[in-house]
Amino acid sequence: MKNAYTKSESEILSSLSVSKEQGLSQEEVKNRLTKYGENKLQETDGKSIWQILFEQFKDVMIIILIIAAGISMALGEWIEGVIILAIVVLNAILGTYQENKAGKALAALKQMSSPKAKVIRGGQNMEVPSTDLVPGDIVILETGDYVPADVYLLESINLKIDEAALTGESVPVEKDSNVTIEEGVPLGDRFNMAYMSTIVTYGRGKAIVVGTGMETEIGHIANMLNQATEEKTPLQKNLEGFGKILGVICIVVAVIIFILGMIQGMKPLDIFMTAVALAVAAIPEGLPAVVTVVLAMGMTRMVKRNAIMKQLSAAETLGSTSVICSDKTGTLTQNKMTVVSLFDGETIYEVTGTGYYPEGDILDAKGEKVDVKNNPSLKWVATIAGLCNDAKVEDGAVIGDPTEGALITLANKAGCLVESLNNKHVRIKEFPFDSDRKLMSTMHEIDGKTYLLTKGAPDQLIARATGYLKDGEIFPLNDEVRERLLTQNTNYAKQALRVLGYAFREVAKEAVPEENENNLVFVGLSGMIDPPREEAKAAIAVAKEAGVRAVMITGDHLITATAIGKDLGIIEKDDEAMEGAKINDLSDEQLKEKVMHTSVFARVSPEHKVRIVDAIQANGLVAAMTGDGVNDAPALKKADIGIAMGITGTDVSKEAANMILTDDNFASIVAAVEEGRIIYSNIRKLVNFLLSCNIGEILIIFVAMLFGWGTPLAATQILWINLLTDSFPAFSLGLEKGEKGIMKEKPRDKHAPLLDKRMTRALAIQSVGLAAATLLSYRLGNSFDSHDHELATTFCFTTLIIAEMLRAYSARSETENIWNMNPFSNHYLNLSALLGIGLLLVVLYVPAFNTIFKTKPLSLTYFLYAAGLAVVPMVVAEIGKMIGRAVEKKTA
């Protein structure tokens with residue numbers, strides 16, 4: 001039922017044709033089940049494993065390799081064809097495995113629904129599977145129950161419901177079946193409603209089902225999860241771009257070679273074999289595997305920094321993050337209500353320590369520790385906080401209401417140990433809290449006298465007080481003092497503190513609490529808040545320095561969100577915060593502009609969160625979204641990087657996210673961003689290294705063909721270089737430590753290509769240098785024996801491999817020359833170079849490999865000639881860096 005919260009009880013009962021005493025008949029339930037369907041969430045059909053596998057073969061690079069393999073086998077070159085196909089199949093299996101792990105968020109969402117529900121049907125109370133609920137069912141809600149559907153409250157007795165997972169509200173919401181709500185009120189302020197999958201923490205109630213299955217609020221979230229599309233990461237887009245560029249280059253050069261071959265009178269078979277060699281040369285076969293392994297290694301390093309990446313590609317996306325959208329509760333704050341200030345009518349006191357452990361002190365205005373035993377007002381506040389309380393705190397965890405847990409902690413900090421208080425001053429009677437009085441009172445015997453202890457809303461408590469305690473004596477509560485107390489209450493509220501007042505009165509032992517909540521003696525106020533995480537401020541400061549903006553998105557109230565935002569350093573002015581309801585009045589274009597200047601969004605719905613992320617992305621920014629609740633799941637899935645909390649996070653948020661923080665620490669996000677930047681920087685280095693080799697190989701074959709020199713490299717030789725010889729140094733480059741100042745740089749543009757001006761210039765210089773040295777070696781080998789083509793190709797093969805080993809050392813930095821750094825500090829690269837040379841010697845001097853790779857053993861003299869020419873590309877690369885620095889300095 002749409003906007004049920006705006007309707008009266010009679011309107012609801014009438015429209016759903018039901019009596020709240022009798023409920024629905026069994027026959028009517030069957031009819032409505034047929035009409036509305038079961039009360040469960042549905043999901044769209046996902047891709048089958050075979051569809052995912054088939055899609056792996058749509059990539060341009062893969063198609064070219066399959067064609068090359070087909071041509072090879074058709075021409076009898078089975079070894080080459082099988083090797084190429086093996087590479088294609090391996091890449092497809094890896095890709096299928098990664099993609100098949102995604103899309104499990106809805107399964108977790110389904111598990112959050114209540115398995116059973118208490119209903120009234122045909123005038124009888126019964127328990128039924130929650131999936132059998134239909135609109136019009138009358139349900140009973142009791143403490144500890146999951147709310148089984150979206151319901152309109154018919155009765156509420158001290159009813160409180162924890163809606164944190166749905167709205168982000170950090171404390172249970174007091175419900176009231178008698179209130180009238182206007183249309184457009186945010187989800188968290190609909191006090192006459194309860195929503196599917198939230199939890200009753202206190203009291204009881206009776207309600208009527210107004211929404212089931214996909215027509216519930218959690219159903220709307222499920223629908224958004226179904227509709228959310230997963231964007232490709234910048235790296236995925238860049239690598240796809242490379243595939244298309246190399247594919248076009250391959251086709252163009254192949255056509256030119258075919259024409260040249262025909263003009264030169266070459267045999268069609270030879271032309272085809274040259275085309276296969278070219279195709280193999282153009283495709284960086286080892287690149288997908290190398291990038292995958294480098295990302296996996298980066299993920300392993302992230303685990304050590306308390307961040308688990310669920311998708312490999314997400315690791316590098318973190319490095320380009322420009323905005324971190326964070327939920328407040330449990331992410332930027334501790335999700336542990338804490339008393340931070342006390343007021344005794346005269347003096348404001350600071351309470352230190354956070355969480356539910358009794359670690360902290362009460363300090364006066366001078367910062368000196370207060371001895372509560374010698375301060376009667378504070379002693380009474382601590383005593384009332386501890387005794388007028390239904391919660392328990394065990395091992396730092398609250399059993400019961402978080403607000404009352406904070407009060408137990410306050411009493412323990414003050415030295416009034418609650419366990420001892422309860423044993424010494426046993427509760428005689430009580431008058432429970434209700435939403436009309438907004439007070440709670442209990443009776444206890446203290447020092448031989450019977451007292452009524454009361455806590456609750458300051459305005460209600462002050463209105464019922466006639467005296468106040470000062471220096472241990474009771475004075476009349478005149479208008480001046482009353483005004484001072486109310487002013488302090490307002491000041492606390494402006495600081496986003498949840499305020500409670502405390503009072504007592506002496507009563508007769510047989511007194512009735514309900515009749516004695518008047519003529520109270522006021523003793524103090526307390527201000528509590530869900531405090532910011534200590535490490536969050538520092539992390540936000542580091543993020544700012546790195547050019548990463550923090551945006552807080554919360555279901556909490558605007559005043560609270562603004563105060564927390566200022567405390568954390570997210571905002572400086574009030575106008576940098578806005579309420580979610582105002583988002584409804586903004587067009588997408590207006591919101592796109594607004595998000596650039598607003599960093600705190602309060603009272604937002606799940607739909608608002610998705611729109612905010614959309615607006616940030618529309619500005620060309622990379623958005624990371626953190627959260628722990630069900631309400632965060634659609635935005636987590638929509639964001640470029642979704643980050644869930646590992647400790648407090650729901651299963652739904654973890655499944656929807658790309659990354660999980662094992663310590664729920666905002667600072668770990670910044671550490672992960674740094675790791676992401678290092679990963680991206682290393683991927684640039686290895687891509688530069690591998691592509692310069694591929695382009696060099698294309699130039700070698702093309703130039704040789706152009707001048708009629710034959711084919712300098714066989715397809716198997718190129719495969720050996722691309723897959724084995726080049727891959728190990730590339731892996732090693734992926735393990736480079738981060739260069740200094742990496743977190744001082746601004747985030748890279750989301751649309752900035754991997755192949756930017758710097759890399760294009762480096763590729764051009766290095767590829768030409770590599771091709772020139774290798775072709776010179778090929779011609780040198782040919783000059784020693786013009787009839788021995790294998791000798792010439794072996795010269796070419798040897799020079800190319802050794803040149804690659806040396807160039808790997810040059811590739812360790814895009815800007816710094818090799819003599820300005822310790823060239824041998826990367827031990828993995830040292831081992832890779834030795835392995836590469838070792839493999840070269842195997843191919844040259846083991847007869848079986850001579851046959852497969854069409855090589856022949858070189859004499860020491862010939863080997864030194866080939867090795868000497870291999871130094872040239874490294875020298876050219878270092879000169880290229882100096883040219884690059886000069887160009888960038890001139891254009892800066």
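Let's start with a loop. Asn519 sits in the loop between β20, residues 498-506, and β21, residues 520-529. Keep in mind that this is a predicted model. The phi of Asn519 is near 50 degrees, a positive value in a residue other than glycine. Why flag that? Most residues other than glycine have a negative phi. And how covered is this residue? Asn519 has 45% relative accessibility, so it counts as partly exposed.

There is another case like it. Asp395 lies in the loop between β13, residues 392-394, and β14, residues 397-399. Its phi, too, is positive and near 50 degrees, and Asp395 is not a glycine. Buried or exposed? Asp395 is exposed, because its relative accessibility is 74%, and the cut-off for exposed is over 50%.

Now a glycine. Go to the hairpin of β1 and β2. It has 2 residues between the strands, and Gly122 takes a positive phi near 60 degrees there. The strands themselves are β1, residues 116-121, and β2, residues 124-129. They pair in the antiparallel sense, over 6 bridges. To find your place on screen, look for Ile120: it stands opposite Asn125 in β2.

Let's step back to the whole chain. How many helices and strands are there? The chain has 34 helices and 27 strands. It holds 892 residues, and 55% of them are buried. The C-alpha atoms fill a box of roughly 120 × 70 × 45 Å, taken along the principal axes. The accessible surface comes to about 37300 Å². Carbon and sulfur atoms account for 57% of that surface.

Two more numbers for the chain. Take the contacts between residues at least 6 apart in sequence: 71% of them join residues at least 24 apart. Then the charges. The chain has 87 positive and 108 negative charges, and their mean positions are 4 Å apart.

Next, the sheet. It is an open sheet of 8 strands, with mixed pairing. Follow the order across: β8-β27-β26-β25-β9-β22-β24-β23. Which strands form the edges? They are β8, residues 307-309, and β23, residues 577-579, and each pairs on one side only. From one strand to the next, the twist averages 20 degrees.

Look at the β8 edge. β8 pairs with β27, residues 659-661, in the antiparallel sense over 3 bridges. Ala307 has Leu661 of β27 as its bridge partner.

What lies across this sheet? Helix α23, residues 606-618, does so. It lies across β9 (323-327), β22 (549-553), β24 (600-602) and β25 (623-627). Against β25, helix α23 runs at about 160 degrees.

One last residue: Val370. Where is it? Val370 is in the loop between β12, residues 362-363, and α14, residues 376-387. So we have one more loop residue, but this one is buried, because its relative accessible area is 15%, and buried means under 20%.

What does Val370 touch? Leave aside its neighbours within four places in sequence. Val370 is then in contact with Tyr349, Ile362, Leu363, Asp364, Asn375 and Leu378. Pick out Tyr349 from that list. Val370 and Tyr349 are 21 residues apart along the chain, and their C-alpha atoms are separated by 8.8 Å.

That's the tour.

Note on methods: Residues are numbered from 1 along each chain as its sequence is written. This is a predicted model: local features need pLDDT of at least 70, side-chain atom pairs count only at pLDDT 80 or more; totals for chains, interfaces and linings use all residues. Side-chain values use heavy atoms; hydrogens and water are left out. Two strands pair if DSSP finds at least two bridges between them. Helices (H or I, at least four residues) and strands (E, at least two) are DSSP runs, numbered from the N terminus. Axes are lines fitted to C-alpha atoms, for helices over the stretch in contact, and angles run from 0 to 180 degrees between N-to-C directions. Contact means heavy atoms within 4.5 Å. Buried means under 20% relative accessible area, exposed over 50%, partly exposed in between (1.4 Å probe, protein chains only). Accessible areas come from the Shrake-Rupley method with a 1.4 Å probe; for residues, only the protein chains shown count as cover. Lys and Arg count as positive and Asp and Glu as negative; His and the chain ends are not counted. The place of a charge is taken as NZ of Lys, CZ of Arg, CG of Asp or CD of Glu.
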